[in-house]
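These are my notebook entries on one structure. I set down what I looked up, entry by entry.

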Amino acid sequence: MTKDPFSIKKRVKSFRHAIRGLFVLVKEEHNARIHLAAAMLVIILSVFLKISCMEWIAVILLIALVFATELINSSLERLCDQLTQERQYWVKQVKDLAAGSVLIAAIAAAIIGGIIFIPKLWQLFHTMT
């Protein structure tokens with residue numbers, strides 16, 4: 001098997017496919033819109049509270065983790081739906097396992113978000129009163 005030579009044009013095209021996938025995710029998946037709204041809220045809160053560089057790294061990594069798992073989950077669900085229209089135990093397991101990965105990422109994001117934001121919000125609240 002021969003490999004195609006490197007091509008900037010093909011790399012740009014692959015980025016377009018990936019970006020289109022992100023748009024499909026947000027357009028067609030309800031949970032992705034919830035994740036997007038939460039991510040925007042967290043980013044606004046992060047700017048307002050002037051979080052540290054390390055906290056920004058955590059926030060960005062967690063947002064990326066949640067979206068990455070949501071993309072994989074949605075991909076697996078669509079693939080399973082194309083493989084069979086029948087209710088099959090293995091299809092349910094695959095979908096449940098993929099959804100579980102999103103849940104784990106979202107719970108981790110919420111816990112770490114709490115660790116970052118609750119003390120800052122608590123301090124802000126107490127300085128206002």
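Entry 1, helix spans. I take the expected span of a helix as 1.5 Å times one less than its number of residues. The model is predicted. I looked up α3 and counted 31 residues, which should span 45 Å; its end C-alpha atoms are 45 Å apart, so the expected and computed values agree. I repeated the check on helix α1 (residues 8-28), where 21 residues should span 30 Å and the end C-alpha atoms are 30 Å apart, again in agreement. At the start of α1, I noted that a side-chain oxygen of Ser-7 comes to within 3.3 Å of the backbone nitrogen of Lys-9.

Entry 2, the buried side of α3. Which residues of α3 are buried? I list Glu-55, Val-59, Leu-62, Val-66, Phe-67, Thr-69, Glu-70, Asn-73, Ser-74 and Cys-80. I then asked what covers the buried residues of α3. The cover includes α1, α2 and α4. For background, I recall that an α-helix has 3.6 residues a turn, so residues three or four places apart point the same way.

Entry 3, Ala-105 against α3. I found Ala-105 in helix α4 (residues 89-128). Ala-105 has a relative accessibility of 4%, so I record this residue as buried. Leaving out residues up to four places away in sequence, I find that Ala-105 touches Leu-65, Val-66 and Thr-69. The C-alpha atoms of Ala-105 and Val-66 are separated by 5.3 Å, although the two residues are 39 residues apart along the chain.

Entry 4, Ser-74 and Glu-29. I located Ser-74 in helix α3 and found this residue buried, at a relative accessible area of 5%. Beyond its neighbours within four places in sequence, Ser-74 is in contact with Leu-25 and Glu-29. Is Glu-29 buried or exposed? At 17% relative accessibility, under the 20% limit, Glu-29 counts as buried. With residues up to four places away excluded, Glu-29 touches Val-24, Ser-74 and Arg-78. I also recorded a network of salt bridges that links Glu-28, Glu-29 and Arg-78.

Entry 5, salt bridges. I recall that side chains of opposite charge can pair when their charged atoms come close. How many salt bridges does the count come to? I obtained 6 salt bridges. In one of them, Lys-120 pairs with Glu-55, the closest N and O atoms being 3.4 Å apart. Lys-120 lies in helix α4 and Glu-55 in helix α3, so this pair ties together parts that are 65 residues apart in sequence. I note that Glu-55 is buried, at 18%, whereas Lys-120 is partly exposed, at 23%.

I next looked up Asp-81, which forms a salt bridge with Lys-95 at 2.5 Å between the closest N and O atoms. This pair links Asp-81 in helix α3 to Lys-95 in helix α4, 14 residues apart. I find Asp-81 partly exposed at 34% relative accessibility, and Lys-95 partly exposed at 24%. A further salt bridge joins the side chains of Lys-10 and Asp-4, at 3.3 Å from N to O. Here Lys-10 is partly exposed at 41% and Asp-4 is exposed at 58%.

Entry 6, the nonpolar surface. Which residues make the nonpolar surface patch of about 480 Å²? I list Ile-72, Leu-76, Leu-79, Leu-83 and Trp-90. Helix α3 (residues 53-83) gives the most to this patch, with 4 residues. I checked Leu-83, which is found in helix α3, and recorded this residue as exposed, with a relative accessible area of 55%.

Methods:
Residues numbered from 1 in each chain as written. Predicted model: local features only at pLDDT ≥ 70, side-chain atom pairs only at ≥ 80, totals over all residues. Heavy atoms only, no water. Patch = residues over 30% accessible without salt bridge, like charges linked within 9 Å, V, L, I, M, F, W, Y side chains within 5 Å. Areas by Shrake-Rupley, 256 points an atom, 1.4 Å probe, with all protein chains shown as cover. Salt bridge = Lys/Arg side-chain N within 4 Å of Asp/Glu carboxyl O. Buried < 20%, exposed > 50% of the residue type's maximum accessible area, 1.4 Å probe, protein only. Polar contact = N/O pair within 3.5 Å; in protein donor to acceptor, adjacent residues only side chain to side chain. Contact = heavy atoms within 4.5 Å.
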